[in-house]
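Me: I have a chain to go through with you. Please answer a few questions on its fold, its surface and its aromatic rings.

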Amino acid sequence: MGYKKLDEVMELLADELDGFNKSIDRLKQLTENVYNIKVEASTDNIQKLLHRHLEKEKWNIESIDQKTNTIGKAVIKAKMIPRALFWLTIAVWTISIVTICYLGIRVSRLDSIREKSFESGRQEVITTLRGFFDENPGLFESYESWRLSGKEVDPTKPKK
């Protein structure tokens, strides 16, 4: 009985060894197949993709440059208008201040001009009246009495 079991174990071990040997032979064949496979590395597809990508990026950069230049020109034009308005505003303020100063000086001198005009008119009237009163002495006396009394005097009446 003991031999029977031993025979069975031996038979199982022999089957296992036979299966193991078959697996090793198959592994040798696969290894030889792997060594026989020749892989060619082709970068043509990668180069085509890279070339397309670079062309697309070049177009994008040119587009961005063009848009940047357009924006730059618009900004320069936008700056020019406020500069012109600034100088126009300065000019208007300067003219206004000069005009106000000139008119202020003219108004401040107005009293002295009035006094000079009044004085020259008074001198002219006195000169004219002096000639008239020299020709008509009776009227001068009536004028003097009127001026001093504030009453109306008839120049045709003789003085009392």
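Me: What pattern does the chain follow, read along the sequence?
Reply: This is a predicted model. The secondary structure comes to four helices and zero strands. Read along the sequence, the pattern is therefore α-α-α-α.

Me: Is the chain a compact globule or more spread out?
Reply: The C-alpha trace spans about 195 × 45 × 20 Å along its principal axes. For 160 residues the globule rule gives 15 Å, and the radius of gyration, 64 Å, is well over that, so the chain is more spread out than a compact globule.

Me: What share of the residues of the chain count as buried?
Reply: The accessible surface of the chain comes to about 15,800 Å², and 63% of that belongs to carbon and sulfur atoms. Buried means under 20% relative accessible area. Of the 160 residues, the share that count as buried is 2%.

Me: Is Leu6 exposed, partly exposed or buried?
Reply: Leu6 lies in helix α1, residues 2–36. With Tyr3, Val9, Met10 and Leu13, Leu6 makes a nonpolar surface patch of about 560 Å². Its relative accessible area is 48%, and exposed would need over 50%, so Leu6 is partly exposed.

Me: How do the rings of Phe86 and Trp87 pair?
Reply: The count comes to one aromatic pair. The ring centres of Phe86 and Trp87 are 5.1 Å apart and the planes stand at 75°, where over 60 degrees is the cut-off, so the pair is edge-to-face.

Me: What percentage of residues 84–105 is helix?
Reply: UniProt, in an unreviewed entry, lists residues 84–105 as "transmembrane region". The end C-alpha atoms of the span lie 32 Å apart. Strand accounts for 0% and helix for 100%.

How values were computed. Residues are numbered from 1 along each chain as its sequence is written. This is a predicted model: local features need pLDDT of at least 70, side-chain atom pairs count only at pLDDT 80 or more; totals for chains, interfaces and linings use all residues. Side-chain values use heavy atoms; hydrogens and water are left out. UniProt positions are given in the numbering used here, feature names are shortened, and annotations may be inferred rather than shown by experiment. Helices (H or I, at least four residues) and strands (E, at least two) are DSSP runs, numbered from the N terminus. Rings of Phe, Tyr and Trp (its six-membered ring) pair if their centres lie within 6.5 Å; planes under 30 degrees apart count as stacked, over 60 as edge-to-face and the rest as tilted. Patches are made of residues with over 30% relative accessible area and no salt bridge: like charges are joined within 9 Å, nonpolar side chains (Val, Leu, Ile, Met, Phe, Trp, Tyr) within 5 Å. Accessible areas come from the Shrake-Rupley method with a 1.4 Å probe; for residues, only the protein chains shown count as cover. A salt bridge is a side-chain nitrogen of Lys or Arg within 4 Å of a carboxyl oxygen of Asp or Glu. Buried means under 20% relative accessible area, exposed over 50%, partly exposed in between (1.4 Å probe, protein chains only). The radius of gyration is taken over C-alpha atoms; the globule rule is 2.2 Å times the number of residues to the power 0.38.
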